[in-house]
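Colleague: Hi! Could you walk me through this one?
Modeller: Sure, have a look first.

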Amino acid sequence: MAHSLYDIRPLETLIEQGYTLLTPNFRLARRIKAEWDAGQAAAGARVWQAISVLPLEAWLQQQWEHAVRANAVPPMTPLSTHQSLEVWRQVISEQQHAAADFQLLRPAAAAELAAQARDTLLRWCLDPQSRQLRPLFEMDADCSAFLRWLTAFEQRLAECHQCTAIDCLARLPQLDAVLPSSRVVLVEIEQLTPLQEAALQALCADIRHTRAEHRGEQRLLHPFADKRAELQAVARWAAGLHRDAPHTTIGIVLSDMANDRVALEYLLRREFDCLGRNYASLPVNFSTGISLDQAPLVRDALAALAMGLRQTTLTAVEKLLGSRFLDLPDAQSAVAQRLVRRLYAQGRADLVVSDLRDQAMAIQWGEATGTTLGRRLDALLAMPVLRRKALPSVWASRFCDMLGIWGWPGTQPLDSLEFQQLTRWQDTLAEFAAFDAVSKSLSLSEALALLRDCCRRQVSQPLTADSTVQVLGPLEAAGLSFDQLWVCGMQGGGWPASANPNPFIPIALQRQQLMPHASPEREWAFSDALLQQYARANRVFHASYSREVDGVPEPPSALLRDFTLHEMSDPPAIPDGWLERHCRRSVEAVPDDRATPLGLDSESAVRGGSGLLEDQSQCPFRAFARHRLQVEPLGTISVALPPGERGALLHEALNMLWGELGNSESLLALDDTAQARIVENAARAAIASIPRRQQRRLGRAYWRLEQQRIIALLDEWLGVERQRSAFVVAGRECEMSLELGQLHVRLRLDRIDQLSDGSHVIIDYKSGQCSVQDWMGHRPAQPQLLLYSMVEPDTLAGLAFASIRPRECRFVGLGRAGIAPGIRDDLDRVVDSAMAVSGWPQLQRYWENTLQRLAHEFVTGYAPVDPVTAASCTWCGLQALCRIGEAAAPAPESRA
Amino acid sequence: MTGIVDAAERSAAVNPLASVCVSAPAGSGKTELLIQRYLRLLSRVQRPEQILAITFTRKAAAEMRERVIQALQAARDNTPCDSPHQRVTRALAARALSADHQHGWQLVENISRFNIKTIDSFCAGLTRQMPVLSQFGGAVAIHDDVSPLYAEAVQALYTLLDEEHPVARDLEALLLHFDNNWERLQALLVSMLARREQWRDYVGLHHAPQEAESYLMATVGTLVSDDLRALSQVLAPYSEELLALARFSAGNLGEPVPSQLPGTDAEDLASWQKLRALLVTKKGDWRRKITKSEGFPAGRGEAQQRKLQWQELLVQLQEIDTLQQRLNGLQSLPVIQADDVSWQLVLHLSRLLPILAAQLLLVFQQHAAVDHSQVAQSALLALGEDDAPTELALRLDYQIEHILVDEFQDTAITQYELLHKLTRGWGEHNELHPEAPRTLMIVGDGMQSIYGFRGANVGLFLRARQEGFNGVALQFLELRCNFRSDKGIVDWVNEAFTLAFPAADDVYRSQVRYSPATAVRPAQRSPAVTACAFHGDSAREREIVFIGEQLAACLDDGNETIAVLGRSRSHLQPVIKHLKQRGIPYNAPDLDSLAESPVVVDLLNLCRALASDADRLAWMALLRAPWCGLTLDDLLCVAVAGESPPYTPIWSAMQQADLHHNLSDDGRARLSSILPVLRQAREKRDRLGLRAWIEQAWLGLGGPQCAPAVESLHDVESFLQLLEQAEAEGAGLDFEWLQRRLQKCFMNTGSAGGAVQLLTLHKAKGLEFDRVIIPQLDRAPRSDGRDILLWDEHSSAGGVRSFLLAADDHSAADSPTLYNYLRLQRRQKQQLEATRLLYVGATRAVRQLVLTASVSLDATSGLPRAPSSQCLLHPVWQTFCRQMTLVDPLPLPPSAVAVQAARPLLRLSRSSQAEPPAAQAQAQEAVGQPPPPAINNRERITGRVVHRALEELALMRALPTAAGTTERRRWRMALQREGLYGAALETALATVLQCVDMALQAGSSGRWVLDSGHVEAHCEWPLTTVDSTGSIRDIVIDRCFIDRATGLRWVIDYKSSRPAEGESFEDFATRESALYAGQLQVYRDAVRCLGNQPVRCALFFTALGRLYIVNTLDLPELKPGEK
């Protein structure tokens, strides 16, 4: 049996006398009740009247309810905090529209501050509209804006017979003798606000104060190098203590719960050995958890609902497909994977849902057509009500219908945490529906935003039995007693906190009235009192701090005056287990740069024409990975058309253009107008060849501009072509094939020109950088044209890149003299001396040998990681597979 | 020790009645001075918050605060102090301490009272305090890196293209000009957004397009005429001769003969350029001769005379210091032609940028997050315009009386403006209260201004010094003592940098001159500065080896601090590689991005594979990684397994039986060992914390064994901590997020205890080391090519600040476009900054400075060639050259020659591969199917209000026959409170009233149930009970009482259910009582202990007004004494 977390012995007589116990928070109330009940049960009682113990504010709220029933105050509908924030938000944005002189970046934040300011004023029984206070508020822009909003807010509440929770309390001081007077004990309540004071005076005949006996024995201060070391030490300490003395009650207070909870939870799991198998049995209670919208079950529900909107993202689609909570039985099928990869290839981060639906319905692979995802989306988009505005309660039921379509929460059983989250979700949906009280009709996206907001305000926290180890926030620990309490993060910078007055109440007034966070003095007094309480209530009080936070040195809090300094060594940065396993490792280095030769039967499986040889030349492993393993990186996301597709578009336009022109004679015959017409037609036709749907994805302007760009580029290019001697375009986009040893290569030549002597020039359009150096050496960087040169070697007059780049249009090539400017005939100067060739026939033979060798390498499975230059890796994208970065790492110390 | 030559300046700096601008070169002890003044001021204020100290970084703020506290503590404890400046500090601290006592500040304890802040946190504080004025509305998340938001703003701008927005035309024109390359323009606009404080005021939201155009025109005009005016002033003494020569030349060339020298308007530029041609050649050298083509024909008489005249004049002009530079500057001055492509681009941009800025605000709004620049801007906004300043003292609750700003040379324009706003009215105040003036202290060192790339503008420092703020003049104090470095180093720095820096300060060109320092420490080692140059083949390798030798020797020398400082990390990497080879321990924090660590690459890949089945690459890579290490052949088998390669997810393929059949034995064993790990990881998705999930998978795969070295395990830990952070921030497994963060985290290179520190020069600022080595001085940074946009701040000679921008118009580099002008300006500024960067590096050294470079020799003279103008060596070349040791090429020691290793497959040997995890308790905790969503909330609410209504009735002294209007109103409110409105509310209220009516009907069982005449009557009775299993339970009993007539204790539970269609009441009631028997039994057992009365249980059906007694729960009466 765990030691008591609160000693109620001093309270027992008062409880028996029927006093109501009032606490600062629910946690202490629950704790006192639990202690009392345990005592009763231990004494052998079977049943007893539940004791009356509750937080002061809740009790006051109850008194208001009684007053309503007694018809002592007019009935009102109290709004929840969240609802009243919504009213504030509406009021502020209405005021904003009316004033039109400012536009707040975060009206929601202003709403929170305003709500807080109004509450504080009510708690301090101050009326900002009064003759004394009003001028103070009107002195500056922020406070006077608040006054305007306040008037509108109160008017709005009055019209709807609504009120806030504090409004209810504010009624109480006038209820002297209306309700039967109570006897109360204030337990561990250090300070009362003026309103609480007044209300208690009016309602109670007998008010007593108690606080725990002093049980503090020891105060220790532990410094650590940094926050991580500090959290690690706490976790280790808690686990050790728990192991040695399982009944010791341990409290851990995190100053910065929001930022440190995840890290501490992990570290506790590590120390308690609850990372793997025992994951569910961590004997620690956290006072808070993740917000409900982040719970996977709810997160996926919200994501599924969001598919009702017009737009989604590629990442969202992938997450849906991976969800355990949606009924998408074929999510892992080949056809679904094909869909994902196609979406990546399209390169758009944002997707239009209807477009996604169409693609997901139409996608095919093998026997399968369409995916469940497509059918779900189709059903969803078929709900006409999604486009109609409605009140939250109506949306709540629509949301259920929508989730029904998705088969949420899935077909697999839920674990107990998920089950709790599901219940939580249902409550939240009900809470959302209650926003009818303050909302107007909402569109789907507004309704979803509100629902998301409701979920964000819910905390999903695993319900676990009371554990001996509790992790709490600083205020939650107030009043509790542990055998050992450890407060983390007690740097001077945070304890006491800096003053943080509410900007909507004149700051001098706040300071004078001792309102919360108003001044450094007030913060000091508050933190000091809190620490005194910790010290009194806990047997051993540990405080720790980091000497450095984010690289900035920090002193310990000056509040820790009477602590004994206790240096603990910083725990090791990496777990011993890792180190130990690392030391035991045995790594082998296996030569593995050759795969089984390409079998004839699997030849058909090898894709790629000339690109294959380029890959083989650039890096044999790349060729192997792309063409035999069929591995490609998922496409990268771009804001416009991916570069590859842009290149294809230009190719198509040139294809169209020369299809129309045919030869140099007709080009030269064109006047400006005629050229303009023909160029425009080509550009237009090229764009028209792109499917409509795909065009829509980028918007009209993109294509309009792209067309203009292509026109300008074609014009510039024709300027280059006009300088050539006569030619006829003998072939465009010619498909051919070639046997290179065992390899059957499919080719697609951009263009073949026939010159007046009947010889040929093979032309490859390029929109990237190119140079004839790309054809040189043992491993040419761009071997395609060399490959093409083998198609009809005897009539070949030259090879050329048509480098079609804005402001840099030119031919780059090799061949006989006089074909075109840029096609060089001085082979001896161009050709790499290491190749030891002279003259065109020798060069052609050299190339043929090179290509034969590359093809042979590929076919025989030669696949070492061996990029020809460092630049080969720039656009490859396969680094995770080829592990080229590994060589940069220190070599393993032991090799088998 | 030399005397303190600047003692007078130091004491003036602490004078609380004066505002001062302190120029504090490296090593001059400026922090001490700041602290002294701060302490001095403390004794003059009412509240410590009234002194605002602004530092450059949070770390500097913490340090300053810490040192103030230390001084106060030392004064309190009266610890001994000996040096003169310590005694000064002590005396000031003692005075501050007595002020502290007098006012009860408790400064030593309550450190939050120190108003020592970075500019960012000060601005953030202002916006928090003024949510409406700053237009934030309240706390906003401030992010260091908001580049994704910038990109989003640009994309939002792009969507305007299809919406016929007026800006679409400008955007289209720009896109077309840049080849419709959306990505590229986006990248560019993103970088402009990141620096928008520089242009926002000029092309910001408030300017109409026409205004923007005339504004830019005027700016260019001023810029040109400023230069012309300066030139004509220089030439004024020679104007007569010049005019005569110009007339002669024009006459001969058949051009209009000028009657006077050109004026100084922008349109006079061409005439000046003609004049220039008489004096210097096209290339910019002084002319040696003048000929017919310049209008000076050969011949005797006047021709000869004029030539002589020309020669005389030229001799005189060559004497003028900056004249040649000014004349040549004429060639790069921009000439604006309104219809120029380049000018049109500028106009398009000036119209587009305000819209872009507005889009960014919308994006900020959507994400509720902003950048620091927005915070500063909003803070300025909150402080109000000059004609309507915000009452700051009222908002802060204190008047800022004194401001101290450190590192003023790194000030950007927003900071400058902020200071301007904070000091409004100070001049007037000081005139009225000379005895209690408000004061300002700015401290900086123009020579250490190295953050130009971030928008810092050293010109602002010069300007503040000259002009002061709002009538507060600053007394300029120049510190000269250097307490840090030995005399040898100080002397060398004086010599080298006097030459390297410009000769004079120039506010408008952001130039500072060098001010020499006086060493306080005597000379020790000679020479203190070593310069080494290497040449010939493998000079670079030799240089690195030399550095290695130097470091090795230093380490033997003893415990001195040693640092190698590089301009960028690429300058340090060869050194690191070499130190690794030599086994010299080093520490290189923050040098290599974590993303490059091989173990992190594998982990990231594991994450990708677990996140997406479609990521074939990630899955293949997973199988190739050391934990599995499949060979190429086995990978091939996997690639073709399954029915539909390449679309079969590898995960499915891995489980195919035929695959296992086809694999090699080794491959099969390897695959089998990781299969269960991956299966488990997939099952645990979303069930474990993110970090635990990935870590467990990694451990299962044998991750720790795969790490090449212990340091890599630290990289793993860093990566996994990043996942924790992703979870804490709610980002989840978001690869973009991860990639961005990874870039900002650093690998563990070297060991923290390493004796040698490797740092970039920027990082070294503010530090000192006994020995400093700066290698590779000859290496120029990678050229930044032609940026498609350039912009710059500009100050006119009249002190008016303005802004210029230009887009790459694809013009030739020497054409006089605005773009080329800005490009030239930028290059010059970069050169100046490079000089300052080297100064920062050189002044880090306490005892020894080693500079090394690789040079090339001139083939004919055999002398080293001057290095590129962009490298660090360039500015100090003269000094370096004179004293350098030129090291001849030598063969490299064998250790320095890199060996190209073969690249085998590295993998865990089978024996150390993952043992398949012990068969886990596979049985999932099955809770069964979830209940249907309880959206029928309405019934629940109605039921609750019915309970409440019945309770209210039961509490009435006399039971009414019908509900009154006040009750009805209350119940309506209660329903509303639970969230019912509209039709639903009316239906629910009707149900409630119907139930109440049923209960109140004369003679109904309801009236008996609710009768207040019963004994021990309770409604909604909370009890705590120990149930049959021994656990404590809370229960609430709807109604409980003892019937006087029968003496029975009744336990009644209210139920709102109704019989199904066609169901008889009896059947219905039997069914319901079976359903609730368990619950009732708990109630019965509980109340049974309260008295000896026999207990009877019943259900009261509120919708029917009928009571049903559950006889099955009746118990025999207890005999007295039995329990």
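**Helices, strands and a chain contact**

Modeller: In chain A, the axes of helix 17 (residues 392-406) and helix 18 come within 7 Å and cross at roughly 145°. Axes are lines fitted to C-alpha atoms over the stretch in contact, with angles from 0 to 180 degrees between N-to-C directions. Helices (H or I, at least four residues) and strands (E, at least two) are DSSP runs numbered from the N terminus.

Colleague: Is this predicted, and how are things numbered?
Modeller: This is a predicted model: local features need pLDDT of at least 70, side-chain atom pairs count only at pLDDT 80 or more, and totals for chains, interfaces and linings use all residues. Residues are numbered from 1 along each chain as its sequence is written, while chains are lettered from A and ligands numbered from 1 in the order written.

Colleague: Which residues in helix 17 of chain A meet helix 18 of chain A?
Modeller: Pro392(A), Ser393(A), Ala396(A) and Phe399(A) do, against Leu429(A), Phe432(A) and Ala433(A) in helix 18 of chain A. Contact is C-beta atoms, placed from the backbone, within 7 Å.

Colleague: New topic: how many residues does each chain give to the contact between A and B?
Modeller: Chain A gives 135 residues and chain B gives 136 residues. On the side of chain A, helix 18 (residues 416-433) has the largest share, 7 residues.

Colleague: Which strands pair across the chains, parallel or antiparallel?
Modeller: Strand 2 (residues 47-49) of chain A pairs with strand 21 (residues 1015-1026) of chain B, antiparallel over 3 bridges. Pairing needs at least two DSSP bridges. Val47(A) has Thr1025(B) as its bridge partner.

Conventions:
Two residues are in contact if their C-beta atoms, placed from the backbone, lie within 7 Å.
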